[in-house]
Amino acid sequence: MRVLLVSANRERLPDPIFPLGLAYIAAATREAGHRVAVADLCFGRHALHELREQVMRFRPDVVGLSLRNVDNAAYPRTVDYLEGHREVVNTLRAVTGATIVLGGSGFSIMPDAYMQVLDSDLGIAGEAETTFVTLLDALEGGFDPAGIPGVTGRHSPTGRAMVYPLRDWPLPGWTSGLRPARELFDYPRYIRRGGMGNVQTKRGCVFKCSYCTYPLLEGTRFRAREPEDVVDEIAALLHDYGPHPVFFVDSILNFPRGHVEAICEVILRRKLKLRWSCYATPVKLDRQQAQLMARAGCEGIELGTDAVDDDQLKRLGKSFNAEVAERANRYCREAGLRVCQTLIFGAPGETEASIRATCAALQRMQPTAVVAMTGVRLYPGTPITDDLLREGRIREEDVGLVPAFYIEPGVAGFLPDYLRQQAQQAGNWVLPGLAAPIQPGSQRLLRALGVSGPLWRLLHSPWMHRLYRTKFTRPDTSWGVPHPRRKIV
Ligand code: B12
Ligand code: SF4
């Protein structure tokens with residue numbers, strides 16, 4: 001079959017992100033013998049016009065459309081991507097009768113809602129290397145795709161989408177040496193403009209943090225690739241595209257114990273010159289792990305700490321306490337790793353005292369940077385949403401494509417100003433939704449000057465503060481709709 005794979009994401013803030021998931025789908029589809037073309041809408045000035053032309057030239061039987069972001073998950077300056085997605089689907093519909101299949105992380109969080117609002121034929125929730133190929137086989141053979149796990153059908157007579165059950169998900173296949181087809185995309189442009197490439201070493205997360213969608217997207221077990229295989233992929237990347245930093249997109253790279261260690265050992269044994277960064281958990285992060293990661297080229301670690309207060313950590317469903325969080329931060333700093341602490345303020349149960357405790361701890365910890373979210377974006381199926389529904393504090397219709405945020409009523413008035421004040425004093429805080437992100441112009445300038453890797457690691461420098469804290473009003477997005485409809489519950 002002729003399959004056109006489209007990456008709809010045109011958000012270039014905080015950086016343009018290479019569509020790794022779609023590159024995996026492209027590789028699996030090509031390997032299954034189909035003719036594959038890709039359309040990446042991220043950089044084109046006339047992206048929809050170019051898409052139209054490409055569709056008319058290529059005449060696909062199937063169009064796979066990747067929807068990465070629902071919104072920016074930030075309050076109160078929320079950015080919504082739904083209108084952009086609708087435009088892409090409508091553009092496709094106007095020029096082709098091909099079957100349109102939706103997928104991607106944004107779609108997978110709310111497949112039912114997307115099937116209702118976008119004029120598509122089918123969708124696949126969750127990882128799709130195997131499912132998409134099975135679906136193509138079904139379409140080619142004229143079979144009903146209804147039995148394929150994860151496949152979502154068109155609207156039923158009741159107006160709701162029909163989501164077929166995920167029977168034996170997670171599916172096999174991903175760990176068996178498949179390489180993302182980066183060569184079909186303009187990967188070098190992502191390195192130049194985005195400052196890094198991306199690699200996935202494992203899928204899933206065993207933890208149950210109350211607000212988190214990652215276990216829903218990737219599964220609740222870890223499925224890891226062989227360390228040699230991961231490093232083979234990176235070595236080939238560096239060989240093919242020249243030296244560039246890499247972000248490991250795993251939910252948390254440093255857990256379970258032994259996984260990141262094995263990858264670091266292979267990097268060191270092969271004397272690979274690599275700068276990399278990742279998400280990590282404070283759980284079991286000790287001196288040896290931090291030192292080994294630093295020796296193997298880790299230049300920055302984003303610790304999903306969320307709070308540094310025992311009660312609030314418990315309420316967030318975290319599997320560590322404040323002492324562990326502080327210790328992990330210390331081990332990283334001693335090892336010379338730059339640390340970005342990511343925090344969530346205003347979740348259920350938050351009090352002025354817990355907010356002050358977290359901020360006081362951060363002053364002691366002195367991380368390189370802090371990213372602090374105001375409120376919690378509610379997604380269907382997360383523990384926090386289920387609890388709030390059970391307690392009757394929100395209704396089903398509160399949770400969907402219109403971004404909804406929970407902020408504990410007792411701190412809602414106090415929180416924004418207090419966070420702004422903390423950010424001003426510390427100088428190295430980023431407040432998504434409260435303070436504008438980096439200027440698009442500053443970001444482009446830094447990348448054009450050859451500054452690569454995560455920009456937060458430079459936040460301790462005064463010149464970087466100036467780039468962040470200019471007085472210009474600027475958009476929070478390069479593509480989405482700023483300040484859309486959103487609600488606070
Ligand atoms: C790593 C990551 C980042 C890193 C990326 C670094 C890098 N250089 O790659 C950083 C920190 C920069 C980042 C930024 C943002 N991110 Co982010 N990020 C992730 C994360 C953890 C992994 C993404 C990834 O690469 N996965 C690995 C690939 C292989 O998987 P995948 O893309 O999902 O693809 C699979 C399936 O989705 C499916 N699929 C994909 N495409 C298609 C197409 C078709 C046709 C089909 C059938 C299937 C299919 O098959 C693929 C292979 O199995 C996800 C959460 C998660 N666990 O998925 C959030 C996530 C994607 N991010 C999210 C968000 C919101 C953002 C930001 C908007 C945050 C912000 N306010 O700045 C920005 C957007 C940046 C941009 N320019 O778009 C949300 C998106 C959903 C939502 N809530 O809107 C997610 C899901 C997290 C969440 N909150 O739930 N992110
Ligand atoms: S926040 Fe991190 S550790 Fe917690 S469930 Fe999500 S990915 Fe796992």
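1. The seven-strand sheet. In this predicted model, 7 strands form an open sheet. Their order is 9-12-13-14-15-16-19, and the pairing is parallel. Strand 9 (197-199) and strand 19 (429-430) stand at the edges. Each has a single partner strand, so one side of each is left without a neighbour in the sheet.

2. One edge of that sheet. How many bridges join strand 9 to strand 12? There are 3, and the two strands run parallel. Strand 12 covers residues 246-248. One pair to look for is V199, whose bridge partner in strand 12 is F248. Strands of a sheet pair through backbone hydrogen bonds, either parallel or antiparallel.

3. The three-strand sheet. A further open sheet is formed by 3 strands, in the order 17-18-21. Here the pairing is mixed. The edge strands are strand 17 (376-377) and strand 21 (487-488). Each of these edge strands pairs on one side only.

4. Strands 18 and 21. Strand 18 comprises residues 404-406. It runs parallel to strand 21, and 2 bridges join them. In this pairing A404 stands opposite K487 of strand 21.

5. Strand 5 and its partners. Is strand 5 (residues 99-103) mostly covered or uncovered? It is mostly covered, with 4 of its 5 residues buried. Strand 3 (residues 62-66) runs parallel to strand 5, and 5 bridges join the two. Within this pairing, V63 has I100 as its bridge partner in strand 5. Strand 5 is also joined to strand 6 (residues 122-124), by 2 bridges, and these strands run parallel too. There, L102 has G123 of strand 6 as its bridge partner.

6. Two domains. The domain assignment gives domain 1 as 2-163 and domain 2 as 196-488. Their centres, taken over C-alpha atoms, are 27 Å apart. In the contact between them, 30 residues of domain 1 meet 33 residues of domain 2.

7. The domain 1 side of that contact. Which elements supply at least two residues each to the side of domain 1 that touches domain 2? They are strand 4 (79-80), helix 3 (82-95), helix 4 (105-109) and helix 5 (111-117). By class, this side of domain 1 has 16 nonpolar, 6 polar and 8 charged residues.

8. Around ligand 2. What residues lie around ligand 2? They are C205, F207, C209, C212, Y214, P215, S251, I252, T281 and G304. Three of the names are cysteines: C205, C209 and C212. The shell divides into 7 nonpolar and 3 polar residues. It has no charged residues.

9. The whole chain. The protein has 18 helices and 21 strands. Its radius of gyration is 22 Å, close to the 23 Å that the globule rule gives for 489 residues, so the protein is as compact as a globular protein of that length. Along its principal axes, the C-alpha trace spans about 65 × 55 × 45 Å.

10. Burial and contacts. Of the 489 residues in the protein, 47% are buried. Take the contacts between residues at least 6 apart in sequence: 76% of them join residues at least 24 apart.

Key. Residues are numbered from 1 along each chain as its sequence is written. Chains are lettered from A and ligands numbered from 1 in the order in which they are written. This is a predicted model: local features need pLDDT of at least 70, side-chain atom pairs count only at pLDDT 80 or more; totals for chains, interfaces and linings use all residues. Domain bounds come from an automatic or database domain assignment. Two residues are in contact if their C-beta atoms, placed from the backbone, lie within 7 Å. Ala, Val, Leu, Ile, Met, Phe, Trp, Tyr, Cys and Pro count as nonpolar, Asp, Glu, Lys and Arg as charged, and the others, Gly among them, as polar. A residue is near a molecule or strand if its C-beta atom, placed from the backbone, lies within 6 Å of it. The radius of gyration is taken over C-alpha atoms; the globule rule is 2.2 Å times the number of residues to the power 0.38. A residue is buried if 20 or more other C-beta atoms lie within 10 Å of its own, exposed if 12 or fewer, and partly exposed in between; C-beta atoms are placed from the backbone. Two strands pair if DSSP finds at least two bridges between them.
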